[in-house]
Structures are given as structure tokens and as C-alpha cells.
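Colleague: Please take a close look at the ligand site in this model. After that, go on to the helix packing and the backbone.

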Amino acid sequence: MARKFNFCAGPAALPEAVLRKASAEMLDWNGLGLSVMEMSHRSEEFTAIASKAESDFRELLSIPENYRVLFMQGGASAQFSLVPMNLLRGKKRVDYISTGQWSEKAIQEASRYADVNVAASTEATHYSRVPAQSELKLNSDAAYLHYTPNETIGGVEFGYVPESSGVPLVADFSSSILSEPIDVSKFGLIYAGAQKNIGPAGLCIVIIRDDLLGDELEQTPSVFSYQSIAKNDSMLNTPPTYSWYLAGLVFEWLKEQGGLAAIQAINARKAKKLYSYIDASDFYTNPIESGSRSRMNVPFILANEQLDAVFLEGAEKAGLLNLKGHRSVGGMRASIYNAVPEAAVEALIEYMKYFAASHG
Ligand SMILES: *Cc1c(COP(=O)(O)O)cnc(C)c1O
């Protein structure tokens with residue numbers, strides 16, 4: 001059985017080496033005679049797996065000492081509510097940048113708890129770019145500034161870290177975390193659902209500066225209070241143990257690849273190859289301004305929409321899976337996260353060339 005190339009936006013491809021290791025350890029982890037899935041989360045063995053995963057994650061991102069790493073549940077979507085519930089801290093206003101569907105969802109949820117000021121929105125130009133720092137209308141009395149560094153659906157990515165008006169910066173890094181080094185010290189809080197660049201669904205990682213812990217809204221459930229989760233080392237209740245373990249294997253794999261600077265170079269090469277081919281072709285187009293293009297999610301449109309189904313069918317036959325664009329955007333989307341090898345991008349380009357030549 002041959003593995004195919006998977007361009008799914010999420011849950012996304014995992015490194016083959018990680019799946020092999022997990023498979024070898026499935027029935028009997030480390031001679032213990034049981035699977036990681038069957039261990040007590042309070043056992044010595046699982047505690048060791050969990051803390052090794054955290055320390056590798058901290059090492060990869062060079063997370064400073066004064067930040068806590070939380071392993072939570074509820075997906076990135078739960079964080080849309082948990083961020084205002086935990087970070088309003090007596091304030092009433094929050095600043096959000098809108099660059100696409102995920103930031104809009106975050107704004108919708110936040111407006112149940114706070115007055116949302118949309119500091120900038122690129123909706124009028126169909127979210128085809130990110131706003132410049134000079135376009136942001138920020139409030140100094142905001143509890144925080146929230147943005148989405150990579151919009152998974154639209155394929156738009158910030159090439160810079162926005163500066164807030166001195167308030168904590170909050171970022172939904174779900175689809176670009178670990179794709180390149182980031183300066184964590186610029187952020188108050190970072191969150192990322194696991195199923196794109198970290199591991200299996202069910203886990204959401206939060207990185208929070210420790211002075212922001214506490215003062216959550218009184219009705220915040222304990223399992224969703226950053227302070228309670230931090231106090232209990234993310235084991236207030238049973239965490240998603242298997243996802244946590246698998247994320248740990250992905251972090252080990254990333255270290256073996258040379259860390260985030262090395263993976264950043266590979267990601268840049270993959271994205272450049274694909275965009276260069278799209279730009280040179282008169283059959284495919286990408287609607288995003290060149291300075292705002294995502295390195296992780298590459299949407300593209302065929303010259304003739306009626307060929308979409310034929311394109312997808314042929315792609316599947318060629319072993320290229322999950323290229324259908326998001327239902328709201330149409331066309332195609334290739335998600336080329338860390339675990340999608342350069343060979344997958346090359347095979348995709350070859351197929352696109354062949355398809356354009358026979359249908360263009
Ligand atoms: C996938 C995604 C989400 C939603 O993640 P869930 O885990 O399904 O809640 C939120 N934000 C971004 C940027 C995403 O890519």
C-alpha cells in the first residue's frame with residue numbers, strides 16, 4: 001500500500017516517519033505492554049511523555065521562561081470565546097484585525113463578551129491582502145489586539161507582526177505555527193489548533209505570558225480558565241493524551257529536520273515553486289497580492305470552472321488528494337504544511353502542467 005500526497009487543509013498530513021513510529025509503538029509503548037492511549041494521564045510514563053513534548057515545543061519556538069504552554073481541548077474555535085473570557089480583565093473594548101473567515105469567526109464570538117473595534121478589514125477587496133501597519137486604527141484602552149497570521153481558507157498571510165497600541169497581542173496561529181521561527185516575546189498570547197501543523201485534532205496549544213493569567217470572567221468554566229489549566233499543568237481533567245503524545249513525536253521530527261529555520265527554508269522553497277508555476281501559467285490563477293500570499297495554503301482557480309471536477313478526478317488518480325477549495329471560495333486549494341514533502345509539490349506541479357496542456 002503506497003501513501004499518497006495529501007493536500008488537506010485540516011486535519012492535515014502528518015510526517016510519515018511519525019506515523020511509522022506511532023504505529024510501531026501502538027500495541028506496546030516502550031516495553032510497558034500497553035498503548036499510550038491506555039495509560040493513566042497521571043502515570044509516571046505519560047507525565048514524562050507530556051513534559052518532553054512541552055520542552056521540545058519550547059525549544060523549537062525559543063519560548064521565554066515567563067510564558068506558560070497549555071495543552072487544551074475545544075479546538076481553536078473554543079479559543080475565540082476563551083480569549084475574551086480570560087483576557088478582558090475588567091476592560092470593555094477589544095481590537096481585532098479582519099483578514100478573512102477565521103478572523104471574522106473570532107470577531108463574532110468576541111462580540112458576545114466585548115465591544116469589538118475592527119482595527120482594519122480587507123473585506124472590501126475580497127480579503128486579497130493583509131492591511132499595512134499604518135492602516136490599523138487601534139485603541140489604547142483595548143484589552144488586547146487579535147489577528148490571524150495565516151488565513152487558512154483565503155490563503156492570506158501576514159509578512160510582519162502587527163504592533164498594538166501597547167496592549168497584549170493575541171494571535172490565532174492555527175495554520176502556520178512551527179512553519180518558521182517567531183519572536184514569542186512580541187505576543188501576549190498565541191493559540192493554535194493542532195490538526196494543521198502540530199498533530200491530530202483534539203488538542204489546542206496556548207502560549208500565554210504569565211502576567212496575563214488570572215482575572216478571567218467569573219462564569220468561565222474551570223477547564224477553560226487559563227489560570228486553572230496552568231496551575232494544573234494542563235491536567236485539571238483528562239487531556240487528549242494520544243494527541244499530546246503524537247504532537248511530541250512531531251516536535252522530535254521537527255528537531256531532526258534541523259528545527260524551524262530549516263523547515264522555514266523548505267517551506268519557502270515549496271511555496272515559491274508552486275506560486276511561480278501558477279503565475280507563469282495562463283491556465284491557473286491565484287487571487288492574492290504577492291506580498292500577502294500564504295506559504296501554507298495556496299488557493300488557485302482554473303481558467304474554466306467547468307473543468308474543476310475533471311481536474312480533481314485526475315488528481316486523485318495521480319495520487320494527489322484533497323485539492324478541492326473551501327466551499328465558500330471554490331476552485332482548488334493546496335495546503336502545503338510542514339509534513340507535506342517537497343516531492344508532493346513537485347508532483348502537483350507536474351500534474352497541473354499535464355492538465356493545462358490537455359485541457360487549456
Ligand atoms: C482550522 C482553523 C481554526 C478552527 O480550528 P478548530 O480546531 O476546528 O476549531 C481556527 N483558526 C484557523 C486559522 C484555522 O486554520
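Modeller: The ligand site comes first, then the helix contacts, then two backbone details.

This is a predicted model, in which local features need pLDDT of at least 70 and side-chain atom pairs count only at pLDDT 80 or more, while totals for chains, interfaces and linings use all residues. Residues are numbered from 1 along each chain as its sequence is written, and side-chain values use heavy atoms, with hydrogens and water left out.

The ligand is surrounded by 13 residues (a heavy atom within 4 Å of the ligand), and the closest are S77, T152, D172, Q195 and K196. Three of these have side chains in polar contact with the ligand, a polar contact being a pair of N or O atoms within 3.5 Å. The side chain of S77 places an N or O atom 2.6 Å from an oxygen atom of the ligand. For D172, the partner is a nitrogen atom of the ligand, 2.6 Å from a polar side-chain atom. In Q195, a side-chain N or O atom is 2.9 Å from an oxygen atom of the ligand. Taken alone, the ligand exposes 390 Å², of which the protein buries 86% (Shrake-Rupley method, 1.4 Å probe).

By class, the shell has three nonpolar, eight polar and two charged residues; Asp, Glu, Lys and Arg count as charged, Ala, Val, Leu, Ile, Met, Phe, Trp, Tyr, Cys and Pro as nonpolar, and the others, Gly among them, as polar. Helix α3 (residues 75-87) gives the largest share of the shell, four residues. Helices here are DSSP runs of H or I with at least four residues, and strands are E runs of at least two, numbered from the N terminus.

Helix α7 (residues 259-280) packs against α9 (residues 342-359) at an angle of about 5°, with the axes 10 Å apart. Axes are lines fitted to C-alpha atoms over the stretch in contact, and angles run from 0 to 180 degrees between N-to-C directions. The two helices are therefore roughly parallel (under 35 degrees). Among the residues in contact (heavy atoms within 4.5 Å) are I266, R269 and Y277 of α7 and E342, I349 and M352 of α9. The contact has nine nonpolar, no polar and six charged residues.

The axes of α6 (residues 241-256) and α7 come within 7 Å and cross at roughly 80°, so these helices are roughly perpendicular (65 to 115 degrees). W253, L254 and K255 of α6 meet G259, L260 and I263 of α7; four of these residues are nonpolar, one is polar and one is charged.

Two loops have unusual backbone geometry, given that most residues other than glycine have a negative phi and most peptide bonds are trans. The peptide bond from G10 to P11 is cis, with omega near -10°, and P11 is in the loop between β1 (5-6) and α1 (16-24). N30, not a glycine, has a positive phi of about 55° and lies in the loop between α1 and α2 (44-61).

Note on methods:
A polar contact is a pair of N or O atoms within 3.5 Å; within protein, one must be able to donate a hydrogen and the other to accept it, and residues adjacent in sequence count only if both atoms are side-chain atoms. Angles under 35 degrees count as roughly parallel, over 145 as roughly antiparallel, 65 to 115 as roughly perpendicular and the rest as oblique.
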